[in-house]
Amino acid sequence: MNINASGLDYKELNEALRKAGRGKCSITDCLGQRFLAAGISECEITVSGIPGNALGAYLNGARIEVMGNAQDAVGDTMNDGAIVIHGNVGDAVGYAMRGGHIYVQGNAGYRAGIHMKAYEQKQPALVIGGKAGSFLGEYQAGGTIIVLGLYDDDRPIVGNFPSTGMHGGKMFLRSDCKGIRFPEQVHTHPSTDEDMAQIEHFLRHFCTYFGHDLKALLDSPFTTVVPDSGNPYRQMYVAN
Amino acid sequence: MREQFIYPDFEVERNKERCIACRVCERQCANEVHRFDAELGVMLSDESKCVNCQRCVSLCPTRALKIVKSDCRLRENANWSDSTIKEIYKQANSGGVLLSSMGNPKPLPVYWDKILINASQVTNPPIDPLREPMETKVFLGKKPERIKRDEDGNIITEIAPQLELSMPVMFSAMSYGSISYNAHASLARAATELGICYNTGEGGLHEDFYVYGPNTVVQVASGRFGVHKDYLEAAAAVEIKMGQGAKPGIGGHLPGTKIVGDISRTRMIPEGSDAISPAPHHDIYSIEDLRQLVYSLKEATEYKKPVIVKVAAVHNIAAIASGIARSGADIIAIDGFRGGTGAAPTRIRDNVGIPIELALASVDQRLRDEGIRNNVSLVIGGSVRSAADVVKAVALGADAVYVATAALLALGCHLCRTCQSGKCNWGIATQNPDLVKRLNPDIGSQRLVNLMTAWRHEIKELMGGMGINSIESLRGNRLMLRGVGLNTKELEILGISHAGE
């Protein structure tokens, strides 16, 4: 099934997509239509062109592959499924994600993976091939965020204030993280073999999607970031 | 230096002639005020732990107990009240932020009490609701601006999704976590029986309550707890929580100690981990951003459900509401500064926000002036205490009201304002299974139905007195209101005349 998105607004495009039902669907000439595939459960969507903000919001099991860049709020409050972006993404990718996987070939903007959470078998993951902007993993409550820092552009692997308010989950940065300031309530350590074993399958998928060599990825040191407590704001209150 | 001693606020008076040492008070008090001294064969009490929740008083079979305000006072001082001084001692002792619960208890003006309702005399006769049909049903949502017809001249009846309520009242947001399973069950069942809605708050929806979906408003807050496709699908409407009257401008924080069992599963966070709702939505910095969240929810629910945007009543509320009305929201909910909460910093609860009466009047006026009043319905909350408050709110311009504190009172709450302790002896604001089971949802829901049935009848009587037989004719009908003891500015904002005018 093919949907040509030119001339369709987001409402019409989503209606066409819902009508297409299960199975494979390719969307061509996408030009900034927002909310693409919002809440959709079962289908495999390939998008050529540039989808607008909130691609795959509340995504509920569908698989989306974008053959180019995507904009802000990709996978907002995503519950299940996969989003693969062959390019860069804007701000707040994977906001409050609670399941499923997002793979970004290039860079991500500000506030990637903020307030990501996990519960039992629902373990979301966000893998960013390039660099991430400021406030990466802010308020992270669960799940896995991986930043690989590929494509050397002299920028640090993350911007300012990574993992502020982090109180769950894990973050892995392919860097020794020298010069990066983390807040007091997280611990960082060079990734151990055990850490690397946890993320190996994510890295394998990344290499498959974007044609990288796993060995080359593993040649650089990784840093693991974990919160020191599930209760970061146990600011002392006094009953009144 | 040792901690400053703070004399207890309350004293437990036990009538020794009546006390039979049955130890009911001891078993009922989660604060462990009462204990039995086996040697002396008498009940003793530690009043320093008492929060005056009246549980022991209510259940004492011989009416032997009374909780009284302590008369051990500090030296009188009009500037430094006892409570102000005690707050300083508490902070000097602990270094902690003062934490309180429920609504603002300060003696700030209650405008409802300074507004009087009209009645018909001689002309335009009153209507007897016992004899004549009266309509209290309301539909919340975007209304069409004009009648549209198809090619054959027939009226196009398709309109934006509406929330149908049998009376202009809904139970406002209280999360599963801040209140108990049995409290949620009571609210959900009562809302269904009454044909109104209750609101999940931001803690997600327990799987047992999906059956009450048609009478449920689900909330999407900054922490996005429990938000997923099925949750949105289950609901009658989706509410985006931007703010709350009891604590405008700050987020929520359910401590890890309350994240147990089902709460953990419903919010989808591990047991013992804090549930943090940040102060802002991190993707909303403008009305355009709000519009994006509104429409992402509409897309995810295929435009079948109205979207509510809830904000706290703050200084520029009219401009804020105007922006929200243009964001695509179907309903605006405004929560005044007396709204309750399971926990809020005292300073925020008591000093931030504005009275809902003024906020409502100015928002309704602003939306009318801009010609966009029909784009949205207005729901207000923040201490609507009676049917008279409901009628006054509707006449000031509200389509419906949110009530929560009154609903909790119906469930047994005695407004002791210590929800933050998690030791609610009435089984409401607690997750302790032994306490939760004290609230029987069969009785709880029936009491809520009783309360709202009574209010509905009172609303009809008040409307009938004015010669109005439909709530729709009352909405924004400020001629039916008069102020008493209000200054010119207050009357101007409320858009009403003074009594006698």
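Where does B:Asn124 lie in chain B? B:Asn124 sits in the loop between strand 6 and strand 7 (138-140) of chain B, strands and helices here being DSSP runs numbered from the N terminus (E, at least two residues, for strands; H or I, at least four, for helices). Its phi is near 45°, a positive value in a residue other than glycine. B:Asn124 counts as exposed because it has 10 C-beta neighbours inside 10 Å. The cut-offs: a residue is buried if 20 or more other C-beta atoms lie within 10 Å of its own, exposed if 12 or fewer, and partly exposed in between, with C-beta atoms placed from the backbone.

Before going further, some housekeeping. This is a predicted model, where local features need pLDDT of at least 70 and side-chain atom pairs count only at pLDDT 80 or more, while totals for chains, interfaces and linings use all residues. Residues are numbered from 1 along each chain as its sequence is written, and chains are lettered from A and ligands numbered from 1 in the order in which they are written.

**Another positive phi**

Chain A has a case to set beside B:Asn124. A:Ala96 has a phi near 55°, again a positive value in a residue other than glycine, and is found in the loop between strand 5 (80-85) and strand 6 (101-104) of chain A. A:Ala96 is buried, with 27 other C-beta atoms within 10 Å. For background, most residues other than glycine have a negative phi.

**Where the chains meet**

The contact between the chains takes 37 residues from chain B and 40 residues from chain A; two residues are in contact if their C-beta atoms, placed from the backbone, lie within 7 Å. On the chain B side, helix 3 (82-94), strand 5 (97-100), helix 5 (229-234) and helix 7 (287-300) each supply at least two residues. Helix 7 of chain B gives the most, with 5 residues. By class, that side has 12 nonpolar, 18 polar and 7 charged residues (Ala, Val, Leu, Ile, Met, Phe, Trp, Tyr, Cys and Pro count as nonpolar, Asp, Glu, Lys and Arg as charged, and the others, Gly among them, as polar).

Strand 5 of chain B also takes part in a sheet with chain A. Three strands form an open sheet in the order 12(A)-5(B)-17(B), with mixed pairing; strands pair if DSSP finds at least two bridges between them. The edge strands are strand 12 of chain A and strand 17 (344-345) of chain B, each pairing on one side only.

B:Leu99 is found in strand 5 of chain B. It counts as partly exposed because it has 19 C-beta neighbours inside 10 Å. Leaving aside neighbours within four places in sequence, B:Leu99 is in contact with residues of chain A including A:Tyr237 and A:Val238, and with residues of chain B including B:Ala343 and B:Gln420.

Here are the pairings, with one facing pair for each:

| Strands | Sense | Bridges | Facing pair |
|---|---|---|---|
| 12 (237-239) of chain A and 5 of chain B | parallel | 3 bridges | A:Val238 and B:Leu98 |
| 5 of chain B and 17 of chain B | antiparallel | 2 bridges | B:Leu99 and B:Pro345 |
| 20 (481-483) of chain B and 21 of chain B | parallel | 2 bridges | B:Gly483 and B:His498 |
| 2 (24-31) of chain A and 3 (44-50) of chain A | parallel | 6 bridges | A:Cys30 and A:Gly49 |
| 3 of chain A and 4 (60-66) of chain A | parallel | 4 bridges | A:Glu44 and A:Arg63 |

**Domains and core of chain B**

The domain assignment, which is automatic or taken from a database, gives chain B domain 1 (10-96) and domain 2 (168-301 + 308-443 + 474-498). Their C-alpha centres lie 33 Å apart. Contact between them involves 9 residues of domain 1 and 8 residues of domain 2.

The largest nonpolar core has 220 residues, of which B:Met170, B:Ile332, B:Ile334, B:Val379 and B:Val401 touch the most other members. Such a core is a set of buried Ala, Val, Leu, Ile, Met, Phe, Trp, Tyr and Cys residues joined through C-beta atoms within 7 Å. Helix 4 (residues 181-194) of chain B gives the most to this core, with 8 residues. Domain 1 and domain 2 of chain B both give residues to the core, so it lies between them. Among the residues that B:Ile334 touches are B:Val311, B:Ile356, B:Leu360 and B:Ile380, not counting residues up to four places away in sequence.
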